[in-house]
Amino acid sequence: MVLAVSPCRTYRLPRRPRLGFIIRPPHQLLSLLLCPGLRIPRPSVLCAQPRPRAMAIFSSSWELPLVAVCQVTSTPDKQQNFKTCAELVREAARLGACLAFLPEAFDFVARDPAETLRLSEPLGGNLLGEYTQLARECGLWLSLGGFHERGQDWEQTQKIYNCHVLLDNKGSVVATYRKTHLCDVEIPGQGPMRESNSTIPGPSLESPVSTPAGKVGLAICYDMRFPELSLALAQAGAEILTYPSAFGSVTGPAHWEVLLRARAIETQCYVVAAAQCGRHHEKRASYGHSMVVDPWGTVVARCSEGPGLCLARIDLRYLRQLRQQLPVFRHRRPDLYGSLGHPRS
């Protein structure tokens, strides 16, 4: 099997495939992508470096759980956004995925804080009801990466939560995580962002959740800049960390892949990052480049430009072997740096 990874170079994969797949938008030959011997067209992008020999496990890759990572360009039109996401989720189900990941702000990307508040809904609202029905219809789990939630304190605060919702294949809400690190930054060339103008930080982390793909630790976008969070989730049993995101056009090229690979390496977890891409409206655009990183830090699947999805298989045997061979968690010294999360004086 040969996969094109750049306009000038290809990698011939070892006997066992790398377990990652590139997928274009649903109307572009998706059904062909799992066929043996497929050569992916040059414009597609897939990082498919072989693992070091010491890390290889030659079990049948087709027995491993398959996850789908969806990339979209949300707008203020909530119903059109749902149609786009539903098309990708149905395609993921058709291709055999057990869990599909949607990015932060999958429900909408508003033009300003006032519109964000106006378009927001409670978890029991109509939009989440449509997603619960979609999960039941498709029979797969859904990671809804960043829902603009009107919480129980809406009447008092008039602010919302950025809520990562995990649905099982029966449409039941099995976990919710409210983003704890809000993105209040000023990046030259990208414009200021003040998430706290409309959003309240969440009070706590959510324990990793057992899914058909493995134990999933929930986070959102800006959270990836805080390794303390990812380490806490890994110590709590996470095997997959997920960072649904809407990275900007300046921070994206500089930091996106580097941070995701770092979180995978230091926690020895799979990292799944569904991303917003393209121009949402006249005021905002996102970087895209949704991907899956394995515990060795290799990008095993990556979306091409524009809306679409990519697939990867989760190999927990490989994860456990890596943790046994490189037992960094047993070597940690919390007696030396246990207060690392405190602000600098």
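An open sheet of six strands, ordered β11-β12-β13-β14-β17-β18 with mixed pairing, is a good place to start. This is a predicted model, in which local features need pLDDT of at least 70, side-chain atom pairs count only at pLDDT 80 or more, and totals for chains, interfaces and linings use all residues. Residues are numbered from 1 along each chain as its sequence is written, and side-chain values use heavy atoms, leaving out hydrogens and water. The protein chain has eight helices and 19 strands; these are DSSP runs numbered from the N terminus, with helices (H or I) of at least four residues and strands (E) of at least two. Of its 345 residues, 55% count as buried, where buried means under 20% relative accessible area, exposed over 50% and partly exposed in between (1.4 Å probe, protein chains only). Residues 24 or more positions apart account for 73% of the contacts in the chain with a separation of 6 or more, a contact being heavy atoms within 4.5 Å.

**The six-stranded sheet**

- Strands of a sheet pair through backbone hydrogen bonds, either parallel or antiparallel. Here, two strands pair if DSSP finds at least two bridges between them.
- The edges of the open sheet of six strands are β11 (209-211) and β18 (299-302), each with a single partner strand, so one side of each is left without a neighbour in the sheet. From one strand to the next, the twist averages 25°.
- β11 pairs with β12 (residues 214-218) in the antiparallel sense over three bridges, and T211 stands opposite G214 in β12.
- β13 and β14 run parallel and are joined by three bridges. The bridge partner of I240 is Y270 in β14.
- Both faces of β14 are covered, with Y270 and V272 buried on one side and V271 and A273 buried on the other.
- Helix α6 lies across β13 (240-242), β14 (270-273), β17 (291-293) and β18, running at about 30° to β17.

**Helices α5 and α6**

- The axes of α5 (residues 227-235) and α6 (residues 251-267) come within 10 Å and cross at roughly 40°. Axes are lines fitted to C-alpha atoms, for helices over the stretch in contact, and angles run from 0 to 180 degrees between N-to-C directions.
- The two helices α5 and α6 are therefore oblique to each other; angles under 35 degrees count as roughly parallel, over 145 as roughly antiparallel, 65 to 115 as roughly perpendicular and the rest as oblique.
- α5 passes α6 in a right-handed crossing, meaning that the near helix is turned clockwise from the far one by less than a right angle, while anticlockwise would be left-handed.
- P227, S230, L231 and A234 in α5 meet R263, E266 and T267 in α6. The residues of this contact divide into three nonpolar, two polar and two charged. Ala, Val, Leu, Ile, Met, Phe, Trp, Tyr, Cys and Pro count as nonpolar, Asp, Glu, Lys and Arg as charged, and the others, Gly among them, as polar.
- Within α5, the residues L229, S230, L231, L233 and A234 are buried. Their cover includes β8 (173-178), β12, β13 and α6.
- After α5 comes G237, whose phi is positive, near 115°.

**Helices α1 and α3**

- The axes of α1 (residues 78-94) and α3 (residues 126-138) come within 10 Å and cross at roughly 15°. α1 and α3 are therefore roughly parallel to each other, and their crossing is right-handed.
- Residues of α1 including F82, C85, A86 and V89 meet residues of α3, among them L127, Y131 and L134. By class, this contact of α1 with α3 has nine nonpolar, two polar and four charged residues.

**A hairpin**

- β15 (residues 277-281) and β16 (residues 284-287) form a hairpin with two residues between them.
- Four bridges pair β15 with β16 in the antiparallel sense, and H281 stands opposite R284 in β16.

**Two residues to look up**

- E149 is in strand β6 (residues 141-149). At 4% relative accessibility, E149 counts as buried. Not counting residues up to four places away in sequence, E149 touches E121, L123, I160, Y161, C163 and R178.
- T180 lies in the loop between β8 and β9 (184-187). Leaving aside neighbours within four places in sequence, T180 is in contact with P201, G202, S204, L205, D223 and L229.
- The C-alpha atoms of T180 and A219 are separated by 8.5 Å, and these residues are 39 apart along the chain.
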